[in-house]
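Biologist: Please pick one part of this model and look at it closely with me. I am new to this, so explain each term as you go.

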Amino acid sequence: MSFTELDHLYMARAIELASKGRFTTAPNPNVGSVIVRDGEVVGEGYHRQAGGPHAEVFALRQAEHLALGATCYVTLEPCSHYGRTGPCALALVNAGVKKVIVAMLDPNPLVAGKGIELLKDAGIEVHVGLLEDKARALNPGFLSRMERQKPYIRLKLATSLDGRIALANGKSQWISSAESRSDVQLMRTQAHAILSTATTVLADNARLTVRSDGLSIPSLDDGSVRQPIRVILDRSLKLTGQELLFSQNGPIVLVHDKQFKPLFEHPQVRFIALSADESGLNLNELMFVLAAENINDLWVEAGAVLAGSLWQAGLVDELIIYQAPVLLGDKAKAMLQLPNYSELSEAQHFVWTSVETLGPDLKLTARLEPCLPE
């Protein structure tokens, strides 16, 4: 099928709607839907929260009887299975829509073409692939979990102009500006989980929660701001359960060497034991485990050791640098601990995707290419 200019317009609107769920939908994907009848939009919706109605259901509720004979535009294949909600594909069939245009197939094995098949079996005209690249960009974490069995990993670093993250004595507050720190909070709340280390928690007395004061962040149905899962690498179980980290609401995962046994219990804490060697915990194993735990993406806030280990393991999908206009000198701490390369070809290459100004700072975003399989 050759998609029309109006088809592109309506799907672009569905993608815009889907992006509104990025603060609240994890572990579900962001999905938007638009229903059009006789050239007029009669229903719109987006998935707002896991466990709640999907995008198509909101759009159908708004359209009511006008959905009969209409065209539904949706950014992801309508689901075909019963979970916490019923199948959206069946809801579209029951509403009597005539045509469904889908941006991309759902890679979730529970769906994966079954939603399209259900619609076609009901006599509905179905077309797939409109603005697929933009639809994929909505859900890098969900797609990474489904297609690569690992979360999508964003590594955040706050550095000086000369790539240093702290003075030689370890002092680092504050290299970046208040504007950059506010942006970090926005990025945290869009992440499904935050990855850090016990060393960072102890050094900074870190909570690693979203501080939403002064920020425009959509809330969950109960009025709260969704807090990301805090995943802390604590190989030898140095944390005691008394740190500030544990006084904040929200789930915590403590990842440790399987040779060590947890010495405390906490209602918010789960322990995950991994294999380890002289270089540390097995990070590839960790990513597989986190994907199995339905974690879509990780926002990494840690020191040079973990940052370097993730980089060397080829696990970093996106690098986000908040760069302050200050020089700290060659004795200050580098942003990553990496081996001494002998050839430039040994180094990983990223592609800059955006450069923003945040107060006096720059926010530099780079991504590995290709970031996801075709």
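**Helix H1 and its surroundings**

Modeller: Let's choose helix H1 and begin with its cover: strand S1 (32-37), strand S2 (40-46), strand S3 (71-74), strand S4 (99-102) and helix H5 (132-137) are among the elements that cover the buried residues of H1. Helices (H or I, at least four residues) and strands (E, at least two) are DSSP runs, numbered from the N terminus. A residue is called buried under 20% relative accessible area, exposed over 50% and partly exposed in between, using a 1.4 Å probe and protein chains only. Covering goes by contact, which means heavy atoms within 4.5 Å.

Two notes before we go on. This is a predicted model, so local features need pLDDT of at least 70 and side-chain atom pairs count only at pLDDT 80 or more, while totals for chains, interfaces and linings use all residues. Residues are numbered from 1 along each chain as its sequence is written, and side-chain values use heavy atoms, with hydrogens and water left out.

Now follow H1 along its length. H1 has 14 residues, and from its first C-alpha to its last it reaches 20 Å, close to the 20 Å expected at 1.5 Å a residue. (The expected span is 1.5 Å times one less than the number of residues in the helix.)

Next, look around the helix. The buried residues of H1 are Asp 7, Tyr 10, Met 11, Ala 14, Ile 15, Leu 17 and Ala 18. They sit on the same side of H1 because they cover an arc of only 160° around the axis, where the arc is that of the directions from the helix axis to the C-beta atoms. A general rule helps here: an α-helix has 3.6 residues a turn, so residues three or four places apart point the same way. On the face of H1 turned away from the buried side you will find the exposed residues Glu 5 and Leu 9.

What does H1 add to the nonpolar core? It gives the most to the largest one, as we will see. A nonpolar core is a set of buried Ala, Val, Leu, Ile, Met, Phe, Trp, Tyr and Cys residues joined through side-chain atoms within 4.5 Å. The largest such core has 41 residues, and those touching the most other members are Met 11, Ile 35, Tyr 73, Leu 92, Val 97, Val 100 and Leu 119. Helix H1 (residues 5-18) contributes 6 residues, the most to this core.

Met 11 deserves a closer look. If we do not count residues up to four places away in sequence, Met 11 touches Tyr 73, Val 74, Thr 75, Ile 101, Val 102, Ala 103, Leu 130 and Leu 131. Apart from this core lies another one, of 38 residues, with Ile 153, Ala 166, Val 300 and Leu 306 among them.

Several of the strands we have met belong to a sheet. It is an open sheet of 5 strands in the order S2-S1-S3-S4-S5, with mixed pairing; two strands pair if DSSP finds at least two bridges between them. At the edges stand S2 and strand S5 (125-128), each with a single partner strand, so one side of each has no neighbour in the sheet. On average, neighbouring strands of this sheet are turned by 15° against each other, direction ignored. For such angles, axes are lines fitted to C-alpha atoms, for helices over the stretch in contact, and angles run from 0 to 180 degrees between N-to-C directions.

Inside the sheet, S3 and S4 pair in the parallel sense over 4 bridges. One pair to find is Thr 71 with its bridge partner in S4, Lys 99. Helix H4 (residues 114-121) lies across S4 and S5 and runs at about 150° to S5.

Finally, visit two loops. Pro 27 lies in the loop between H1 and S1, and the peptide bond from Ala 26 to Pro 27 is cis, with omega near 10°. Asp 38 is in the loop between S1 and S2. Although it is not a glycine, Asp 38 has a positive phi of about 55°. With a relative accessible area of 73%, Asp 38 is exposed.
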